[in-house]
Structures are given as C-alpha cells and as structure tokens.
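Reader: I am new to this structure. Please pick one part of it for a close look, and then set that part in its surroundings.

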Amino acid sequence: MTEPLPILLIPGLLCSPRLYGEQMPELWRFGPIVIADHTRDDSVGGIARRILASAPPRFALVGLSMGGYTAFEIMRRAPDRVVRLALLDTSARPDTPEASERRRAQIGLVHSGHFAEVVDQLFPLWVHRTRRNDEPLRRTVRLMAEETGPQAFARQQTAIMTRPDSRPDLAAIRCPTLVLVGDGDEATPPDRAAEIANGIPGARLVSVPECGHLSTLERPQPVTQALVEWLEA
C-alpha cells in the first residue's frame, strides 16, 4: 500500500467545490481532498500564498481554468511540495488586452447590480456548443456563481487580468503532469493545452470529445478516468 497523497483542487472563475463533485468519490481513494479557497484575494500571488499557508506539506495539485493559473503560481513558489500536477482547460498565457477589457466591463456590470446577467453571458462561452440549452447544467453554473458571490467574482477577475505569463516556467515543471482540455473549449482552446503539454517535459495531453470549458461537469466520466490514471501512473 502506498501512503495516501492529499489532493488539492482549485476551482475556476465563479466555480465552487461543486465543480469537482463528480470526481471526488473516485479521488478519495487516493487520499484526503482539500478544496482551495480562491475567493478572498485579488491577485494570483495572493491566492497562491493563502493556499500554500494551509495546504498539506506535499500534495497532488489539480486546477481548472483560473485554478490552472493559480497552479502555475504555486509551481513557481513551492515546486517541491507538488508531487503531481493536473491542468484542466487552462492556459499558460497572460490575459490579452481585449480579454481584460471584457473583464473590466463585467466587473462594472456586477457593481451596478447585474451579476446574474454576467453569469448568463459567460455560460455559452463555458460549455460545448451542444450544451448551451442544457438547463440542468445552466442551473449548476448559476448555483456555483451564487456560492461565489459578486464581490469574490470581481476579485477573481482582477487576479486573472494581472496574472503573469507562465510559458517561460513550463520547462521547469518536473512532476508527472496531466494536461486535459475539452475539444470544443472556446474559453481556453485546445491549442493552449497543446502549448502547455509541449512545454512541460513528459506531460500527458488528453482531449475530451464533445466537451467545452467546464469539462469536470460536462463530461465527468472521461475526466475522472484521466485523473485516476494520472494518480495511478
């Protein structure tokens, strides 16, 4: 029997622990699960510091989208504490000026009382084109947004806008790494995942068919299978 390995899960923008609900029963077999708090700071550095202050000494690290941006920062600050790394539907690139402008506009809408409208604007970008009329999935996204709240959303968007370029740091990542992406992800497209996988020595790239950005919710079974194989490898 190998010693249990804690698994630290970082959700994405506007996502709560519910994002990983389908994966947790299987992941528990490998060790205790910790859900990171990514809601209280307005910089990727601040989020990473808070996570590391309360995280186990060594752990497997999983991040989806914004969770991936934070995972890159954790790798810069404490690479020896990360035994395995899984990057789901994310990008190593910094925010573009156009994306930052959209985020500032969304923050403005939220501050003027239009939080629900912003969540509904984001939903089509986050799911596969065939799921845009999926009301149960939409309800889950709305529920996670309610659990996160508008003030945390503004802090998260500020952190995303100011995140560094992680591409120069990819070659320094030496732990077993899974890079996974939905083949229809429009928020962080498959070429971004390929760029990460090509930059990290020995990384495994997995493309999930008929899947958008929220892969853990949209296609839970293949995502869970990929994570189990990553932990067993």
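Author: R104 has a relative accessibility of 44%, so R104 counts as partly exposed (buried is under 20% relative accessible area, exposed over 50%, partly exposed in between, with a 1.4 Å probe and protein chains only). The model is predicted, so local features need pLDDT of at least 70 and side-chain atom pairs pLDDT 80 or more, while totals for chains, interfaces and linings use all residues. Residues are numbered from 1 along each chain as its sequence is written, and side-chain values use heavy atoms, without hydrogens or water.

R104 belongs to helix 4 (helices are DSSP runs of H or I with at least four residues, strands are E runs with at least two, and both are numbered from the N terminus). P136 is 32 residues from R104 along the chain, and 29 Å separates their C-alpha atoms.

Helix 4 spans 97–111 and helps to line the largest pocket. That pocket holds about 670 Å³ of space (a pocket is an open set of points on a 1 Å grid over the protein atoms alone, with protein on both sides within 12 Å along at least five of seven lines; lining residues have an atom within 4 Å of a point; points join across faces, edges and corners, and volume is the space filled by probe spheres set on them). Of its 30 lining residues, D95, A99, R102, R103 and A187 are the closest to the centre. Besides helix 4, the helices that each supply at least two lining residues include helix 3 (66–77), helix 5 (115–126) and helix 7 (150–161). The lining of this pocket divides into 14 nonpolar, nine polar and seven charged residues (Asp, Glu, Lys and Arg are charged; Ala, Val, Leu, Ile, Met, Phe, Trp, Tyr, Cys and Pro are nonpolar; the others, Gly among them, are polar).

The model also has one cavity of 30 Å³ or more (a set of points where a 1.4 Å probe fits but cannot get out). The largest cavity has a volume of about 40 Å³. Its lining is made by V44, Y69, R76, S91, A92, R93, R163, P164 and S166. Of these residues, four are nonpolar, two polar and three charged.

The strands come next. Strand 5 covers residues 177–182, and six of its six residues are buried. T177, V179 and V181 are buried on one side of strand 5, and L178, L180 and G182 on the other, so that both faces are covered. Strand 4 (residues 82–88) runs parallel to strand 5, joined to it by four bridges (strands pair if DSSP finds at least two bridges between them). In this pairing, A86 stands opposite L178. Strand 5 also pairs with strand 6 (residues 204–208), again in the parallel sense, over five bridges. There the partner of G182 is V208.

C175 is buried too, with a relative accessible area of 10%, and C15 is buried at 2% relative accessibility. The model has zero disulfides (pairs of cysteine sulfur atoms within 2.5 Å). For C15, the nearest cysteine sulfur belongs to C211 and is 13 Å away.
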